[in-house]
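Trainee: Hi! Could you walk me through this one while I have it open?
Mentor: Happy to, let's look at it together.

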Amino acid sequence: MSGSYKVSYKEDMAIFQNLWVKVWLIIFIILAVFSPILLNRYQLSILNEMGIATIGALGLNLLIGYTGQLSLGHGAFLAIGAYTSALLTGKLGIPFFLSLPLSGLMASLLGLVVGIPSLRLKGLYLALGTLAFAFIVEYILFHWDLTQGDLGMAVKRIGIGDYVIRSQRQYFYLIMAFATFAVICTKNLDRSKIGRSFKAIRDRDIAAEAMGIPLAKYKVMAFGISAFYGGVAGCLMAHYNRWIVPGSFDISLSIAYIAMIIIGGLGTVLGSVLGAILITGVPHGIVYVVDLLKGDYPALSGFIIDFKLGIFGLIIVLTLLFEPKGLFGVYQRTKVYFKTWPFKY
Amino acid sequence: MEKILEVLFSGASIGAIYALIALGFVLIFKSTGILNFAQGELCMIGAFICYQFATLLNIPYILSFLIAIALGALLGSLIDLLFFRRLVGEPIYSTIMVTVGLGSILTCFSGLIWGHDVYALRSPFMNKTVSAGGMIFSQASLYTIGISILLFALFILFFNRSLLGVALKGTAEDSDTAGLMGINVKKMHMIIWAIGSTVAVVAGVFLAEQSFVQTSMSHTGIKAMSAAILGGMESLPGAIIGGFIVGIVESFAANYLSGLEMAGFHFGDIKDVVAFAIMIIVLMIRPHGIFGKEEVKRV
């Protein structure tokens, strides 16, 4: 519909569909390299949060957007990743570059366990199952001596040998590297056999099975991969904030991640990134506005958390009612509009 | 023995609340195909409205209860009108997500209006007890169980005997055919939403009576979902029985498992997760619940 027709299979499979993609990529790399020099610490910290959220959102989008398996427990996987890495680096002294994949694997393992009921359950039952799982994980974190309950745990700094990451700038390069890597992985997954199987299952699982896609394998795999992303995001989050409490991984975190992929666009890589940027940016925007109005309405600052929750809810509801394809749909429409201008199509 | 009876009784009184909330889930799910994740939030809003009138404005308890019910019904029909009328037949994830979003919005409103503190609802049953046969019951629990059982009987009569109830049942069974038979399906959906949120409001006020009015009351809604699952999502008696079972199991677990410690793991506040454990077990073993019909659809 956008007037770009591909004549060969290779062209369709290309990761850089046209020259513009490469140009945008170069612009992005230049910005990423120079932005730590231009921006201040607060702005960099927002970008860092966005980077971590991008990784988590990509994982959730693989599950909900690509495979069509509804999950309300993504926050639990982040919690598992965060606590695994905190325990591994803190109690056992394992270096970060090992604990990061291990925390991803731990989350992935539990993701597989949650994924098994998905073979029998569909739609709302699955949503309920994942929700119950999230509550049980939160309960365990609160009541286990190892995780120190609501006292929370201190997490070590990221260090490789003697080199320790301290400043926001160093965090920025690290997190951007991981976020970019996650995007590339997802993009590759998307255009591979696995990604196509996921989409086939989402569109019609019975037909997919008839086409020779082993449903059980791919459904469980979707849970595993999604939980891996969540675990890695949780691990980065723990090392970035350097303090974790179970309360920060509750149902509202899962809702925030769902809001990301819904506003961004289900089943698209670009959508996950846009959604992560927007939803992470919203609370900072609220804080900014409240700061501006503080002089006139001093009581306003007590309502920041309420506003945050309400705006997330509003974003989810309004997007689903009026723009189900999310920001990605808007982007696509504008692109087509300019490409075919002055004609309608 | 007396201890067991007391635990059973306190379990039944919380179970009656779960049953009421689960009834709301089942009613809305059965007729509109939407699983309302905001049921707990509706319940909380109802309790806050009752608190607003009874405690803050000093209006008699019964009257403020009735006002809360009326406002709850209004809120329910408004929700249907604003959101779910457009969403009938949409994919299941979008309807679920809209209710989740709605829950956040309702929590936001109650936080903005009433704040996040813990309040007590002033009611005629506060801190009063009845002793019978050497056991002590709180009046609030007795009242909760009594009124709930009355309500359940009324509901079953309503759905089987009255014209409107039968129309609602017909819409739930097959909305297309019901529409062809001259039933106004949109109106029926609106009535169901009103009834569903009314039930939630009643549950919220009962819950406030037994504990406090606070924002985190909405978690009870999610716990009640396990009652609905246990009973089978489509069955009204199932929801009621499931609610009582979940409440009683929870009460027993809270009494006999709390305070245990195993390998550094404390089983404190176990009543927060019993319902979820039940939910997972039911989903694993018998996803269609006790009374639900098994959908034969293998994939």
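Mentor: One term before we start: helices and strands here are DSSP runs, with at least four residues for a helix and at least two for a strand, numbered from the N terminus. Also keep in mind that this is a predicted model.

Trainee: Okay, how many helices and strands are there in chain A?
Mentor: Chain A has 14 helices and four strands. Its radius of gyration is 21 Å, close to the 20 Å that the globule rule gives for 345 residues, so chain A is as compact as a globular protein of that length.

Trainee: What box do its C-alpha atoms fill?
Mentor: Along the principal axes, the C-alpha atoms of chain A fill roughly 60 × 50 × 45 Å. Of its 345 residues, 45% count as buried. Among contacts in chain A with a separation of 6 or more, 78% come from residues 24 or more positions apart.

Trainee: And what about chain B, how many helices and strands there?
Mentor: Eleven helices and four strands in chain B. A compact globule of 299 residues would have a radius of gyration near 19 Å, and chain B agrees with 19 Å. The box for its C-alpha atoms is roughly 60 × 50 × 40 Å along the principal axes. In chain B, 51% of the 299 residues count as buried.

Trainee: Switching topic: how many residues does each chain give to the contact?
Mentor: Chain A gives 41 residues and chain B gives 36 residues. On the chain A side, the elements that give two or more residues are helix H6 (124-143), helix H9 (205-210), helix H11 (251-264) and helix H13 (304-322).

Trainee: Which of them gives the largest share?
Mentor: That's H6(A), with twelve residues of the side of chain A that touches chain B. By class, that side has 31 nonpolar, five polar and five charged residues.

Trainee: Tell me about H6(A). Does its length add up, and why?
Mentor: At 1.5 Å a residue, its 20 residues should span 28 Å, and the end C-alpha atoms are 29 Å apart, which agrees. As 16 of the 20 residues of H6(A) are buried, the helix is largely enclosed by the rest of the structure.

Trainee: How many residues of H11(A) are buried?
Mentor: 13 of the 14 residues of H11(A) are buried, so that helix is largely enclosed by the rest of the structure too. From first C-alpha to last, H11(A) reaches 20 Å, close to the 20 Å expected at 1.5 Å a residue.

Trainee: What follows H11(A)?
Mentor: A:Gly265 does, and its phi is positive, near 135°.

Trainee: Now the inside. Which residues have the most contacts in the largest nonpolar core?
Mentor: That core has 192 residues, and those with the most contacts inside it include A:Ala259, A:Ile316, B:Phe25 and B:Met279. Leaving aside neighbours within four places in sequence, B:Phe25 is in contact with several residues, among them B:Leu35, B:Gln39, B:Met225 and B:Ala239.

Trainee: One last residue: is B:Gly11 buried or exposed?
Mentor: B:Gly11 is buried, with 25 other C-beta atoms within 10 Å, where 20 or more is the cut-off. B:Gly11 is found in helix H1 (residues 2-32) of chain B.

Trainee: What does B:Gly11 contact, neighbours within four places in sequence aside?
Mentor: B:Gly247, B:Ile248, B:Glu250, B:Ser251 and B:Phe252.

How values were computed:
Residues numbered from 1 in each chain as written. Chains lettered and ligands numbered in written order. Predicted model: local features only at pLDDT ≥ 70, side-chain atom pairs only at ≥ 80, totals over all residues. Contact = placed C-beta atoms within 7 Å. Nonpolar A, V, L, I, M, F, W, Y, C, P; charged D, E, K, R; others polar. Core = buried A, V, L, I, M, F, W, Y, C linked by C-beta atoms within 7 Å. Buried ≥ 20, exposed ≤ 12 C-beta atoms within 10 Å, placed from the backbone. Expected span 1.5 Å × (residues − 1). Rg over C-alpha atoms; globule rule 2.2 N^0.38 Å.
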